[in-house]
Amino acid sequence: MSQREGSLEAPTRHPLEWQTPEFYNIEATLKEMERVFDICHGCRRCVSLCNAFPVMFELIDESPTLEVDGVPKEMYWQVVDQCYLCDVCYMTKCPYVPPHPWNVDFPHLMLRAKAIQFKQGTPTAFRDKALSSTDRNGKLATIPVVVQFVNAAAKNKTLRGVGEKVMGVDKTAWLPEFAPHTFRPNAAKAKPDAVVDGKRTSGKIAIYSTCYVNYNEPGIGHDLVKILSHNNIPYVLVEKEACCGMPKFELGDLESVAALKEKNIPPLAKLAREGYTIITPIPSCTLMFKQELPLMFPNDAEVQAVKGAMMDPFEYLVARDKDGLLKKDFQTKLGNVSYHLPCHSRVQNVGQKTREMLEMIPDTSVTTVERCSGHAGTWGVKKEFHAMALKIGKPVFRQMNDAEPDYISSDCQLAAHHIEEGIGLLNKDKPPQAKKAETAHPITLVRKAYGLPE
């Protein structure tokens, strides 16, 4: 009997059974990969999303049988290495996701394979573990004196060449600087504003600052608290904070994800029980608490409480506007904004809230690009993947550049800088432009539009 294509029902996801022995069974995983690859081979809707699918289809098309059964199973790992778990194939393209009886969850199958790779060990294990230890890296790199050396090394061609040979980090890839003054100990205290709840929103906010904002670009965090303060919304910083776990998750290091969960969830759950809305300025971190941890720990009441309290900053601000509680006393126009909607924002299924917020600003035109930038966390800076990351992002670079923007912006600041790098490559042989777009996080753009000082 033939199965129907697609479903009228909303996609759903099964919990990750990562704590069972079957999850790490190589033979069972390869068998499931063969089943799913065969379905993908007959569909091919996801061919334009990333490089995992072109690699898969090329392996099939060059096999003796022109079918999946002709591909040696040891070659399946080539597909796994190209997947960076953006989840877009699941959320936007695949017609066979649960509750369809074919039950295809390509990203979580790739995660299962990555978890097996991690347990077995890979030639790049040291590099991968080092890059994904964002909290540790931030604490070490922001030590006085050390921070100046680290930032200078990131700009030194000779040292970058050594880093490429030793660590496998592409010598041309953009790398973030580390801030000499981190966000958390220097964040402004909230004013004693009254808590004003709306129909859709809590009137008090807890900020989970994220490793990137705390250690790399604290200005984003400072701009966020200025926006909240301007809108008379009282806020607190989460008392204790570790990495959300997304870099370890993408590596398949699920035990480390669980260890980070044990650090983060108790203080976050306490805030959730006290009625705080928890927001994070980086969408990957928001997604970790909204989706991945709840699927890893479906029976943990505290994890589920945090999921219910977690919101994207612009999801919250737009809901606040619908409650009639958001100030719109914007003082500064932004002109043309090329805005990139990152994958980990798209898969939260909250709509284009950042765009909605930016379009509230008078004399501001927003060009929205809803496509993967190719950066994908640590994946895009690795020597073996950086060229592909730029290739994947090229349509994004072109569309954002063609809009002749005053600002380049993305909720994912790593993606924004990757786009900035890509646009620079597009324009490298063109005459210098009189106007060069500024790269700024949407939170910073809103702070500017309110006319609030840096």
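In this predicted model, helices H13 and H15 lie oblique to each other, since their axes, drawn from residues 254-273 and residues 301-309 respectively, cross at roughly 60 degrees and come within 8 Å. The crossing of H13 with H15 is left-handed. On the H13 side the contact involves Lys261, Ile265, Pro266, Leu268, Ala269, Ala272 and Arg273, which meet Glu302, Val303, Ala305, Val306 and Ala309 of H15. Sorted by class, these residues comprise nine nonpolar and three charged, with no polar residue among them.

A second helix pair is formed by H1 (residues 26-41) and H5 (residues 106-120), whose axes come within 11 Å and cross at roughly 150 degrees. Because angles over 145 degrees count as roughly antiparallel, H1 and H5 are assigned to that class, and their crossing is left-handed. The contact draws on Ile26, Ala28, Thr29, Glu32, Met33, Val36, Phe37 and Cys40 from H1, together with Phe106, Leu109, Met110, Arg112, Ala113, Ile116 and Gln120 from H5. Eleven of the residues in this contact are nonpolar, while two are polar and two are charged.

Outside these helix pairs, Ser209 occupies the loop that runs between strand E1 (205-207) and helix H10 (211-216). Ser209 has a relative accessible area of 0% and is therefore classed as buried. Leaving aside residues up to four places away in sequence, Ser209 touches Phe183, Arg184, Asn214, Glu241 and Pro281. With Glu241, the side chain of Ser209 forms a side-chain to side-chain polar contact of 2.8 Å.

Methods. Residues are numbered from 1 along each chain as its sequence is written. This is a predicted model: local features need pLDDT of at least 70, side-chain atom pairs count only at pLDDT 80 or more; totals for chains, interfaces and linings use all residues. Side-chain values use heavy atoms; hydrogens and water are left out. Helices (H or I, at least four residues) and strands (E, at least two) are DSSP runs, numbered from the N terminus. Buried means under 20% relative accessible area, exposed over 50%, partly exposed in between (1.4 Å probe, protein chains only). A polar contact is a pair of N or O atoms within 3.5 Å; within protein, one must be able to donate a hydrogen and the other to accept it, and residues adjacent in sequence count only if both atoms are side-chain atoms. Contact means heavy atoms within 4.5 Å. Axes are lines fitted to C-alpha atoms, for helices over the stretch in contact, and angles run from 0 to 180 degrees between N-to-C directions. Angles under 35 degrees count as roughly parallel, over 145 as roughly antiparallel, 65 to 115 as roughly perpendicular and the rest as oblique. A crossing is left-handed if the near helix is turned anticlockwise from the far one by less than a right angle, and right-handed if clockwise. Ala, Val, Leu, Ile, Met, Phe, Trp, Tyr, Cys and Pro count as nonpolar, Asp, Glu, Lys and Arg as charged, and the others, Gly among them, as polar.
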